[in-house]
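Please open the model in the viewer and keep the selection panel at hand. The tour proceeds from one selection to the next.

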Amino acid sequence: MKSTYIPLLLSIILLILGFSTARAQTCRVSSGSSTGGMQTYREVFEYDYVEVKPSFPGGNEALLDYINKNRQYPTEAYERGIEGRVTCSFVVNSNGNISHIKVIRGCHKSLNMEAVRLLEEMPAWLPGRHLSHCVPVRVVHSIPFRK
């Protein structure tokens with residue numbers, strides 16, 4: 001009778017481990033809107049857990065070029081000598097579009113707003129892929145502001 005419990009026990013352990021591994025690959029992001037007073041969330045993959053990471057068209061060099069050509073240093077911050085990095089998280093959706101932009105470490109309100117604007121107007125990325133499917137992926141990126 002004991003031998004019949006061992007396969008069952010092993011199956012349960014593997015099932016539990018499988019769920020914990022799958023959950024570790026994703027995170028929840030706020031949709032930014034609430035329904036009936038309840039915050040809604042979306043499940044997306046973490047950047048480090050996808051087989052093919054999302055990328056800006058042309059790679060990192062093209063991304064830096066886009067940022068440098070399109071960043072508009074806010075006048076007040078520039079005149080006051082305010083510098084820093086605004087670190088944002090955003091989701092590259094399965095179609096490459098950017099959504100769910102959040103400032104996770106800002107430095108000045110005007111610089112934070114400019115970083116969000118820059119990301120909102122960014123062209124579509126090449127989407128991330130996992131198990132041969134395009135998937136939404138959370139990305140963290142910093143936008144530098146230097147005089």
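**Stop 1: S99**

Select S99, which counts as buried because its relative accessibility is 18%, below the 20% limit for that class. The model is a predicted one. S99 is placed in strand β4, which spans residues 98-105. Display the side chains of S99 and H100: a polar contact of 2.7 Å joins them. Beyond the residues up to four places away in sequence, S99 touches R42, F90, V91 and N93.

**Stop 2: F90 and the nonpolar core**

Move next to F90, one of the residues that S99 touches. Which residues does F90 contact, leaving aside its neighbours within four places in sequence? They are I98, S99, H100, I101, L119, W125, V137, R138, V139 and H141.

Now extend the selection to the largest nonpolar core, which has 21 residues. The members that touch the most others are F90, L111, M122, W125, I143 and F145. At least two residues of this core come from each of α2 (59-70), β3 (84-92), α4 (109-120) and β7 (137-145).

**Stop 3: G96**

Select G96, in the loop that lies between β3 and β4. Is G96 buried or exposed? G96 is buried, as its relative accessible area is 0%. Apart from residues up to four places away in sequence, G96 touches A124, W125 and P127. Draw a C-alpha to C-alpha distance from G96 to P127: the value is 4.7 Å, although the two are 31 residues apart in sequence.

**Stop 4: the cysteines**

Select C107 and C88 and display their sulfur atoms. The cysteine sulfur closest to that of C107 belongs to C88, at 9.8 Å, which is too far for a bond. The structure holds zero disulfides. C107 is partly exposed, with a relative accessible area of 36%. C134 is also partly exposed, with a relative accessible area of 34%.

**Stop 5: the whole chain**

Finally, return to a cartoon of the full protein chain, which has four helices and seven strands. Followed from the N terminus, the elements run α-β-β-α-α-β-β-α-β-β-β. Of the 147 residues, 34% count as buried. Among the contacts with a separation of 6 or more, 67% are between residues 24 or more positions apart. With a surface representation switched on, the accessible surface shown comes to about 9500 Å², and 56% of this area belongs to carbon and sulfur atoms.

How values were computed: Residues are numbered from 1 along each chain as its sequence is written. This is a predicted model: local features need pLDDT of at least 70, side-chain atom pairs count only at pLDDT 80 or more; totals for chains, interfaces and linings use all residues. Side-chain values use heavy atoms; hydrogens and water are left out. Buried means under 20% relative accessible area, exposed over 50%, partly exposed in between (1.4 Å probe, protein chains only). A polar contact is a pair of N or O atoms within 3.5 Å; within protein, one must be able to donate a hydrogen and the other to accept it, and residues adjacent in sequence count only if both atoms are side-chain atoms. Contact means heavy atoms within 4.5 Å. A nonpolar core is a set of buried Ala, Val, Leu, Ile, Met, Phe, Trp, Tyr and Cys residues joined through side-chain atoms within 4.5 Å. A disulfide is a pair of cysteine sulfur atoms within 2.5 Å. Accessible areas come from the Shrake-Rupley method with a 1.4 Å probe; for residues, only the protein chains shown count as cover.
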